[in-house]
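Here is a short tour of one protein model, written for reading alongside the sequence and the 3D view. Keep both open as you go.

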Amino acid sequence: MNTAPTTAHTSAPRPVYLDCDTGIDDSMALAYLLRSPEVELVGVGTVSGNVDAARAARNTLDLLALAGRPDVPVAVGAHHPLAGEFAGPVPHIHGENGVGGIALAPSDRRPVAEDAATLLGRLAREHAGALSVITVGPTTNIATALRRDPELPGLVRDVTTMGGAALVPGNVTAVAEANVRNDPEAAAELIAAPWDVMLVPLDVTLENQLTEADREALLGADDPLAQAVGAMLDHYFGFYTPLYGRRGCALHDPLAAAIAVGSVQPTRAPAVELVIDTTHGPGRGQTIADLRGQRLGPVDRPGVRTRVVLDTDRPLGPLLVERLLGTARAAA
Ligand code: BDR
Ligand code: CA
């Protein structure tokens with residue numbers, strides 16, 4: 001398994017748009033993107049999930065200010081899912097304010113006037129053919145952008161989306177993962193669109209973790225963003241400790257970021273038909289991946305453009321700490 005430090009990066013950074021419900025692991029994903037020379041974060045849209053969309057934008061602006069990147073535009077997106085109403089925040093996981101109850105210095109910036117779907121559509125045209133879209137919350141904004149502009153898929157380079165559970169149980173119901181469960185109709189529209197999608201499900205995100213030693217390293221960093229992440233992790237670890245039997249946490253959203261960046265590579269990610277359960281029964285929000293016939297190795301179904309990540313080449317934890325501490329080998 002490759003655990004070597006990141007090597008120097010020389011080519012021009014690729015533009016990325018992040019759609020998130022900021023959120024502690026969303027904060028880690030944001031920090032990871034900001035500290036990855038392979039990409040340039042050109043915009044962020046927010047959606048209700050871990051917190052409401054307006055709060056998520058506030059948290060994002062504060063984190064961007066802390067990172068010295070107040071220039072990145074942040075757009076508030078959908079408060080409610082496509083069908084139904086926002087189910088409410090999850091303070092037992094992400095804290096009352098979404099960032100583990102820590103007080104981030106308030107940014108003097110405001111969200112941009114356009115909504116997240118409009119920002120995404122505009123950025124896709126400005127960076128036609130080059131923009132990578134990363135979603136780490138419910139995908140309402142993406143579905144809205146697709147409805148508004150059917151040409152969007154042809155303008156976007158690729159989509160990496162944290163969500164779903166292929167061969168493992170869900171985390172909010174027996175079969176459903178939170179991001180998909182919070183807006184199954186939007187997830188179905190994202191999957192149905194004609195673009196390349198990399199689904200990063202619980203199968204892999206739960207297998208990538210941070211430890212107490214990682215948290216302490218971040219907390220002791222000589223860097224305000226890394227320190228803030230270390231501080232908010234205290235609350236997040238509290239939620240995950242019973243799951244893992246030791247202090248630590250899963251790396252859902254940062255894994256999607258790292259895969260989109262290319263610093264973590266999927267080693268098993270077959271292109272397979274994926275059905276999102278949009279019924280109102282017990283299966284609502286389930287991601288049903290047709291993984292039949294994969295026993296002897298990954299088999300791509302012809303014409304399918306959605307890949308489901310089932311394995312990766314390296315553990316994200318050490319890499320994430322390395323990037324946030326700035327100890328990766330010199331970047332271009
Ligand atoms: C996903 O749900 C949210 O709570 C996390 O931020 C992550 O995006 C994990 O199921
Ligand atoms: Ca999230």
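Let's begin with the strands: strand 5 (residues 156–162) and strand 6 run parallel and are joined by 4 bridges. Please keep in mind that this is a predicted model. Within this pairing, Val-159 has Val-197 of strand 6 as its bridge partner.

Strand 6 has another neighbour too, since it pairs with strand 12 (residues 306–308) in the parallel sense over 3 bridges. Here Val-197 stands opposite Thr-306 in strand 12. The two pairings look like this side by side:

| Strand pair | Sense | Bridges |
|---|---|---|
| strand 5 and strand 6 | parallel | 4 bridges |
| strand 6 and strand 12 | parallel | 3 bridges |

What about the faces of strand 6 (residues 197–200): are they covered or open? Both are covered, with Val-197 and Leu-199 buried on one side and Met-198 and Val-200 buried on the other.

Now for the metal. Which residues coordinate the calcium ion (ligand 2)? The donors are OD atoms of Asp-21, Asp-26 (listed twice) and Asp-253, together with the O of Val-136, at 2.2 to 2.8 Å. Along the chain, these donors follow the spacing D-x4-D-x109-V-x116-D. Distant parts of the chain are linked in this way: Asp-26 sits in helix 1 (residues 24–34) and Asp-253 in helix 12 (residues 252–261), 227 residues apart.

Are these two aspartates, Asp-26 and Asp-253, buried or exposed? Asp-26 counts as buried because its relative accessibility is 0%. Asp-253 also counts as buried, because its relative accessibility is 2%, and the cut-off for buried is under 20%.

Conventions
Residues numbered from 1 in each chain as written. Chains lettered and ligands numbered in written order. Predicted model: local features only at pLDDT ≥ 70, side-chain atom pairs only at ≥ 80, totals over all residues. Heavy atoms only, no water. Donors = N, O, S within 2.8 Å, 3.2 Å for Na, K, Ca; no water. Helix = DSSP H or I, 4+ residues; strand = E, 2+ residues; numbered from the N terminus. Buried < 20%, exposed > 50% of the residue type's maximum accessible area, 1.4 Å probe, protein only. Pairing = 2+ DSSP bridges.
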